[in-house]
Every structure is written in structure tokens, then in C-alpha cells.
Amino acid sequence: MNKIRGLMSIAITIVFLLSVFSTAEAAKRVPVASEKDPVVFVHGFTGSSSSFDNMKQWLVSQGWASNYLYAIQYSDTTGSSIDNAYELQSFVKNVLRQTKASKVDIVAHSMGGLSTRYYVKYLEGAQKVDDVVTLGSPHHGTTSSYFGLWTEGAREMVPGSAFLNDLNSVDETPNGSDTTSAIQYTSIYSSADTVINPYTSSIIDGAENVEISGVSHSGLLTDSSVRPLIQTGLEDGGKNTN
């Protein structure tokens, strides 16, 4: 009887050790959500938060937790990028409160890149942002904005506007307040983009500027060739050489 009890004790010990080992190995293989920053998606002129639904699904397939992906819906989709930046500031605060993270990454399409950069340069973005990825953003304006001059958002996107001159003054890629980790910027743009004219307006001094071809302005949100470039930018693949 004592021998049987001894054998059972040994067997239980082995099972326990195997369980501990398996759990430890699983922990090594499965990425923890906190290893990635929450991602905030910012739409453009007349855009919508739903524009990023497909991108969210793809990032989940690449290891992002679904509850780490947030898309803002601006109250005025043709309004001032300055007003939008204040809305973005409140939105990011809520995301950080919900996720308990210290910083977010931002993916911005079109005019959303302008409100994002204003938020980083003049509001709390300097403390709250790690990576910025813009898609077809008119960082230096676009002539297509002349077709919407009754809106404040379009007037700000006129090449040479006071808003753009101010936004691009001194440093187009502000470093932020964390001296140990500069904000990394990636600007992805397409030579086939007929909305941003000239398409080279998307180039940001000091950023990782990635030119592609054959993808339309709206296609930057869904094209499969763009997604790996976005992922690289979200994984600290951008630049900040200023």
C-alpha cells in the first residue's frame, strides 16, 4: 500500500511540474497585449470611423488585441483640424484610461494626419503618442481643397494656408516630451493619389516617407500592399531625424 501511495505521489508531482512548464512555455509564445500600444485610427475629410473596420480586423490577425483598437468619429468631418485635435485629445485620454496604457499609436488617413500632428505639436500628444502613421495626408496642402472652400477644413488644406505654415514651422516631426523615446513618424503615400495634389505633399521632413504606386486615396485604407507598411510603422519602424 505504501508503495502504491508513493507511486501516486510521484505521478502527481510529475503532472504538476509538466503543467507549470507548459504554462511557462505558453506565456513565452503568446504576446501580452501590453507589449503593443493601443492604436487610435483617425479619419479624414468627410470620413468615418468605420473606414478602418477592415484594417482593425487585419491587425487582430497580426497579434493586436481587439480591445486595443479604437477609431474616433469627429463631430464635424469637414471642420477645422484644430477643433478636431481637441476632440482627439479627449478621445486618447479615454483610450488610455480604458487600456491602462501610457501611450498610443496613431494611424491617420488624409486630413486626419493634420489634426494628429496638431495634437502632437500643441496639445498633449507629445506625452501620449509613441508612433504616428499617416496615409495620404496633405501635410503641405492639396489643390483639390479649392473645391470645398465653404468648409474650414478645406480652407486649412489650401497650400500655403496660415494653418499649414504654422503646423510645418520649425519642426515637422516634433519629438515629444519623452527624451528617451522620440515619436516615430511614417508617411505612406501613393503616386496614384489624385485627391492629394501634388501627391508629394504627403512627404514630412524627418519622417520615414514611403512612396507606393497604383493605389488610390481611399485604397490606402484597404489595399493589401499598404498593410505591412502600416504594421512596420506601428512597430517603431518610423523615423524622427529632426
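**Exercise 1. Place Val40 in the sheet, then work outward to the sheet order and its edges.**

Step 1. Val40 stands opposite Tyr70 in β2. Strands here are DSSP runs (E, at least two residues), and helices are runs of H or I with at least four residues, numbered from the N terminus. The model is predicted: local features need pLDDT of at least 70, side-chain atom pairs count only at pLDDT 80 or more, and totals for chains, interfaces and linings use all residues. Residues are numbered from 1 along each chain as its sequence is written, and side-chain values use heavy atoms, with hydrogens and water left out.

Step 2. Look at the pairing. β1 and β2 pair in the parallel sense over three bridges. Two strands count as paired if DSSP finds at least two bridges between them.

Step 3. Extend to the whole sheet. Six strands form an open sheet in the order β2-β1-β3-β4-β5-β6, with parallel pairing. β2 and β6 (208–212) are at the edges, each with a single partner strand, so one side of each lacks a neighbour in the sheet. From one strand to the next, the twist averages 15°.

Step 4. Add the helix. α8 packs on the sheet and touches β1, β3, β4, β5 and β6. Its direction makes about 160° with that of β4. Such angles run from 0 to 180 degrees between N-to-C directions, with axes fitted to C-alpha atoms, for helices over the stretch in contact.

**Exercise 2. Decide how β3 is covered, and find its partners.**

Step 1. Count the burial. Six of the six residues of β3 are buried. Buried means under 20% relative accessible area, exposed over 50%, partly exposed in between (1.4 Å probe, protein chains only).

Step 2. Split the faces. In a regular strand, side chains alternate between the two faces of the sheet. In β3, Val104, Ile106 and Ala108 are on one side, Asp105, Val107 and His109 on the other, and all are buried.

Step 3. Find the partners. β1 and β3 run parallel, joined by four bridges. Phe41 stands opposite Val107 in β3. β3 and β4 are also parallel, with five bridges. Here His109 stands opposite Leu135 in β4.

**Exercise 3. Find the inward face of α2.**

Step 1. List the buried residues. In α2 (residues 53–61) they are Met55, Trp58 and Leu59.

Step 2. Look down the axis. The buried residues of α2 fall within an arc of 100°, so they line one face of the helix. The arc is that of the directions from the helix axis to the C-beta atoms. An α-helix has 3.6 residues a turn, so residues three or four places apart point the same way.

Step 3. Check the other face. Turned away from the buried side are the exposed residues Gln57 and Ser61.

Step 4. Name the cover. Over the buried residues of α2 lie, among others, β1 (39–42), β2 (69–71), β3 (104–109), β4 (129–135) and α8 (227–234). Contact means heavy atoms within 4.5 Å.

Step 5. Follow the chain on. Just after α2, Gly63 takes a positive phi of about 110°.

**Exercise 4. Describe the surroundings of Asn168.**

Step 1. Locate Asn168. It lies in the loop between α7 (162–167) and β5 (184–190).

Step 2. Check exposure. Asn168 is buried, with a relative accessible area of 15%.

Step 3. List its contacts. Asn168 touches Arg117, Lys121, His139 and His140, not counting residues up to four places away in sequence.

Step 4. Look at the polar atoms. A polar atom of the Asn168 side chain lies 2.9 Å from the backbone oxygen of His139.

Technical notes: A polar contact is a pair of N or O atoms within 3.5 Å; within protein, one must be able to donate a hydrogen and the other to accept it, and residues adjacent in sequence count only if both atoms are side-chain atoms.
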